[in-house]
Amino acid sequence: MSEITLKGIPAAPGIVIGHAYIFGKEDLDVERQGISEEQVPLEISRFEDALIQTRQEIIALQKKIAQEMGSEHGEVFDAHLLVLEDRMLIEEVISKVKKEKLVVDFVFSEVLKRYASVFSRIEDEYLKERISDINDVGRRILRNLLGKKRKGLADLEERVIVIAHDLSPSDTATMHKNKVVGFVTDIGGKTSHTAIMAKSLEIPAVVGLEVGTEKIKNGDSVIVDGSSGVVIVAPEPETLKKYEVQEEKMKGLTATFISIKDLPAETTDGKVVSLAANIEFPEEIPSVLQHGAEGLGLYRTEYFYMNRRDLPTEDEQFEAYKHLAEAFGDKPVIIRTLDIGGDKFVSQFNLPKEMSPFMGWRAIRFCLARPDIFKTQLRAILRASATGNLKVMFPMISGVEELRRSKELLQECREELKARGIAYNDKLEVGAMIEVPSAALTSDVLSREAAFFSIGTNDLIQYSLAVDRTNEKIAYLYEPTHPAVLRLIKGVIDAGHKSNIWVGMCGEMSGEPSLALLLLGLGLDEFSMQSASILEIKNIIRSVSYVQAKQIADQAMELTTGADVEAFLKGKLKELLPAIYGN
Ligand code: PEP
Ligand code: MG
């Protein structure tokens, strides 16, 4: 077999090399078998027993997971328990057994298949995600009806890379960390529960590979690069060597970097910057703190609105933001208000399909049009601001009117809370994200009305270069080092500093080692990134003087193409830290 390289969606970072274990679908097909009238009550009671047994199993599993991984992870199983109480499903099975006089195992498996096929055709993302809950519970019930014991991932004896079409949350949650060293699924997205669990278990994972279970066989040698989303099957000796070296290097680096965890991100001549983390889920807090984050530079609150039927209430949001504020103590926590639309979808809003969603009704535009939803969030943020060092920022600001209108609504919320006698921090800092070229070009104006800026380069790059950030066909044009992007960034930092406000960056650019010297030299005050990159960036900052970084930035700004800038910066990094960035 010759080497195959497959590309999926990076779900949890890291490199792992091992043998594939195909975690296939069990054969739960059941034969169609008739029964007599007298057997009907017996079949129904078998079904009821299986439901009770399944319920007990799920509750036990939920307890175990909550103890081992925290109660939020246990909550995943609440949805499973709800499936067990689904009267429609239960009554359909019972009435079919009565009417069609068939064994309950068969009737149940048919009903289950029908549910799966109906749900897979529904366009609603929320309902689609419920298929895995229904399938997961359904298979448990069926196993109990058939009296089969399942060989789970917890029973594995060797260290393996699990390859599956899909993994249910309960599969992932029972993965024994030392045995399952990586996993790959055919389906799933970055925000599926499975991917979240992988991240918090720190198991490298790739999802959405589409053809994994087709191309990979049990026992195949596999490399999973969870950082880039690449999976290599049957690697040639040279590829294996390359990744082994990379894996070893990463391990070595992690050990080196951990020694600077509690030291400041300070240049050799005393310039200190702040290194913060981006998160999507509060579950990431322990890992963020472990990686030495000095606060949160971006909490993407839209994930709070996903995977649910209703909208989060003010109280519910208040509790969540308060939890974050308390977890970080004095360290700043920046809550980014709802940034929905573009490639982020929330089923409850029923957003219309648009021709150009990234340029459409998203983020602050949506929030200003729906003050009911926006103000609920703003009140929750204000209330939580009394419990810690919270700041708030607005996404997709394209001009000063949007910033003013957002601040007006925030002011209305303050007054409402005051009238209700509820405490909030009157000095809550309000920032603007700079991710639209029009905002970058008017950052001098915006800087007079914002307490800080956070540059959202993921969007700023796509808008300034007219390159859809999700389109793989034009990905080669998506260049963070393009002179146009660098000029916008420099302009924003300079405008911010002129008005005496600090300027951060929460786009992926700020966690990119080769860009750290440039951004430092341009005067960026805060770098916010995926927490796993924090110590590497800190190491670079601690290795250089600010004077030197400024010179590097000046030279980079003189170059005329993105490729030249990139090559120049990589060269400088190599000169500075040859042991890490040399070949
Ligand atoms: C950005 O655009 O850089 C950003 C941080 O926001 P998001 O990636 O959530 O659009
Ligand atoms: Mg953005």
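The following exchange asks how certain descriptions of this predicted model are justified.

In this predicted model, local features need pLDDT of at least 70 and side-chain atom pairs count only at pLDDT 80 or more, while totals for chains, interfaces and linings use all residues. Residues are numbered from 1 along each chain as its sequence is written, ligands are numbered from 1 in the order in which they are written, and side-chain values use heavy atoms, leaving out hydrogens and water.

Me: Why are helices H22 and H23 called roughly antiparallel?
Reply: The axes of H22 (residues 546-558) and H23 (residues 562-576) cross at roughly 160 degrees and come within 10 Å. Angles run from 0 to 180 degrees between N-to-C directions, along lines fitted to C-alpha atoms over the stretch in contact, and those over 145 count as roughly antiparallel, under 35 as roughly parallel, 65 to 115 as roughly perpendicular and the rest as oblique; H22 and H23 are therefore roughly antiparallel.

Me: What makes H12 oblique to H14?
Reply: Helix H12 (residues 314-328) packs against helix H14 (residues 371-385) at about 40 degrees, with the axes 8 Å apart, and that angle makes H12 oblique to H14. By class, the contact of H12 with H14 has six nonpolar, three polar and five charged residues, where Ala, Val, Leu, Ile, Met, Phe, Trp, Tyr, Cys and Pro count as nonpolar, Asp, Glu, Lys and Arg as charged, and the others, Gly among them, as polar.

Me: What makes Glu435 and Asp459 donors of the magnesium ion (ligand 2)?
Reply: Donors are N, O and S atoms within 2.8 Å of the metal (3.2 Å for Na, K and Ca), and since water is not among the atoms, sites may look incomplete. Glu435 (OE) and Asp459 (OD) lie 2.0 to 2.1 Å from the magnesium ion and are its protein donors. Glu435 lies in the loop between strand S14 (429-434) and helix H16 (437-441) and Asp459 in helix H18 (residues 457-465), so the pair ties together parts that are 24 residues apart in sequence.

Me: How do you know whether Ala363 is buried or exposed?
Reply: Buried means under 20% relative accessible area, exposed over 50%, and partly exposed in between, with a 1.4 Å probe and protein chains only. At 0% relative accessibility, Ala363 therefore counts as buried. Ala363, in helix H13 (residues 363-369), has a positive phi of about 50 degrees although it is not a glycine.

Me: Why is Glu210 called exposed?
Reply: Glu210 has a relative accessible area of 66%, and is therefore exposed. Glu210 is found in the loop between strand S6 (205-207) and helix H9 (212-215).

Notes: Helix = DSSP H or I, 4+ residues; strand = E, 2+ residues; numbered from the N terminus.
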